[in-house]
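User: I'm new to this one and would like a close look at a single part, along with whatever surrounds it. Could you start on the outside and walk me into the middle of the sheet?

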Amino acid sequence: MPLPASFPLLHHHLIGPADGPPLILGPSLGTSKAVWEPQLPSLTRRFRVLRFDLPGHGGSTAGLLRDPEPGRTTVDDLAALVLDVADHHGWDRFHYAGISLGGAIGTHLAAHRPGRVTSLALICSSAHFGPADPWLRRAAQVRSEGTASLLAAVPDRWFTTAAFAETAFGRRLLGNLADADPVGYAACCDALAALDLRPDLARITAPTLVVGGSHDTATPLEHAQELAQGIPHAALEVIACGHLAAERPQALQAALSAHLHATCTRDATRVSLPD
């Protein structure tokens, strides 16, 4: 049943044919729903596409967090917020694709709420983003100094070349980071610090595409390989890109389109996607 109009929800944008199969796109830490804009012209021809902003990012308030105190936010909390949005629109099932933390949210949903996820695509993501301490230190830094304190180091993690940071799209993504609410960003860091989905991967039954970036230094290729090996029948696609796959939008689109086309064909949905 759809939630009441007054129910607090993640900021999100819905576009595409009203009768199209639902597709939710999850952003990475520090960005907004804008990270998916290059893929929209193709995906929205056939899918009802929903992009959302993480708490404290873009148009989503950090007040959506269950408990913003340090160390209290988990990926389960973030996944619950995504399900609230799906429920609001009456979506019992949906395709899901996510970048980095957005992918981890999808992995959690596919493992713990398998009846909701029709297919899954994980882009430059991981089941375990490394030891907790670096994430907790970053959360503490942001709480005390703000997200702008991260800007000098982020382009090397996000992009393959420094030049991409100076493009219009690169500047927009970095602007997302500078504008993020420190409370929400730090809470998402806490969620990553506590995350370990490796024991849950074998539970995933949704058709899954894993996309790894060969130049990704934030989640190196072995993270993608671990996801693909752990999720039954998952397919692995490697793209010559950095952490957000921002430099190779067409390559990402081609991989995602092929995955969704195959899934919809298997489900007899008869969706024909453009190249």
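Analyst: Let's start with Val-183, which counts as partly exposed at 39% relative accessibility. Bear in mind that this is a predicted model. Val-183 is found in helix α7. Leaving aside neighbours within four places in sequence, Val-183 is in contact with Ala-62, Leu-65 and Pro-68. As for Ile-15, it is 168 residues away from Val-183 in sequence, and the two C-alpha atoms are 29 Å apart in space.

Now for the helix itself. Helix α7 covers residues 182-194 and packs with helix α4, residues 132-145, at an angle of about 170 degrees, with the axes 8 Å apart. The two helices are therefore roughly antiparallel to each other. On the α4 side, the contact uses Ala-132, Trp-135, Leu-136, Arg-138, Ala-139, Val-142 and Arg-143. On the α7 side, you'll find Pro-182, Tyr-185, Ala-186, Ala-187, Cys-189, Asp-190, Leu-192 and Ala-193. Sorted by type, the residues of this contact come out as 12 nonpolar, no polar and three charged.

One name there leads us inward. Leu-192 of α7 takes part in that helix contact, and Leu-192 is also touched by Leu-101. Not counting residues up to four places away in sequence, the other residues that Leu-101 touches are Pro-27, Ser-28, Leu-29, Leu-54, Val-75, Leu-78, Phe-129 and Cys-188. Leu-101 matters for our walk, as the largest nonpolar core has 89 residues and Leu-101, Ile-105 and Ile-123 are those with the most contacts inside it. As a bit of background, nonpolar side chains in soluble globular proteins tend to be buried together.

Ser-28, one of the residues Leu-101 touches, lies in the loop between β2 (22-26) and α1 (40-43). Ser-28 is buried, with a relative accessible area of just 1%. Beyond four places in sequence, Ser-28 touches Leu-54, Ile-99, Ser-100, Leu-101, Gly-102 and Leu-244.

From here we can step onto the sheet. It's an open sheet of seven strands, in the order β1-β3-β2-β4-β5-β6-β7, and the pairing is mixed. At the edges are β1 (12-15) and β7 (235-239), each of which pairs on one side only. From one strand to the next, the twist averages 15 degrees.

Let's cross the sheet starting at β1. Four bridges join β1 to β3 (residues 48-52), and these two strands run antiparallel. His-12 has Phe-52 as its bridge partner in β3, and His-13 has Arg-51. Four of the five residues of β3 are buried, so this strand is largely enclosed by the rest of the structure. Next, β3 and β2 pair in the parallel sense over four bridges, with Pro-22 bridging to Arg-48 in β3.

Then comes β4. Strands β2 and β4 run parallel and are joined by four bridges, and Ile-24 stands opposite Tyr-96 in β4. How enclosed is β4? Six of its six residues are buried, so β4 is largely enclosed by the rest of the structure. Its two faces are both covered: Phe-94, Tyr-96 and Gly-98 are buried on one side, and His-95, Ala-97 and Ile-99 on the other. That split fits a common pattern, in which the side chains of a regular strand alternate between the two faces of the sheet.

What lies across these strands? Helix α2 (residues 75-88) lies across β1, β2, β3 and β4 (94-99), running at about 145 degrees to β4. Helix α3 (residues 101-112) lies across β2, β3, β4 and β5 (117-123), also at about 145 degrees to β4.

One more step takes us to β5, which runs parallel to β4 and is joined to it by six bridges. Here Ile-99 stands opposite Ile-123, and Ile-123 is one of the residues with the most contacts inside the largest nonpolar core.

Just past that strand is Cys-124, in the loop between β5 and α4. Its phi is near 45 degrees, a positive value in a residue other than glycine. Cys-124 is also buried, with a relative accessible area of 2%. That loop brings us back to α4, the helix that packs with α7.

Conventions: Residues numbered from 1 in each chain as written. Predicted model: local features only at pLDDT ≥ 70, side-chain atom pairs only at ≥ 80, totals over all residues. Heavy atoms only, no water. Core = buried A, V, L, I, M, F, W, Y, C linked by side-chain atoms within 4.5 Å. Buried < 20%, exposed > 50% of the residue type's maximum accessible area, 1.4 Å probe, protein only. Contact = heavy atoms within 4.5 Å. Axes fitted to C-alpha atoms, helices over the stretch in contact; angles between N-to-C directions. Parallel < 35°, antiparallel > 145°, perpendicular 65-115°, else oblique. Nonpolar A, V, L, I, M, F, W, Y, C, P; charged D, E, K, R; others polar. Pairing = 2+ DSSP bridges.
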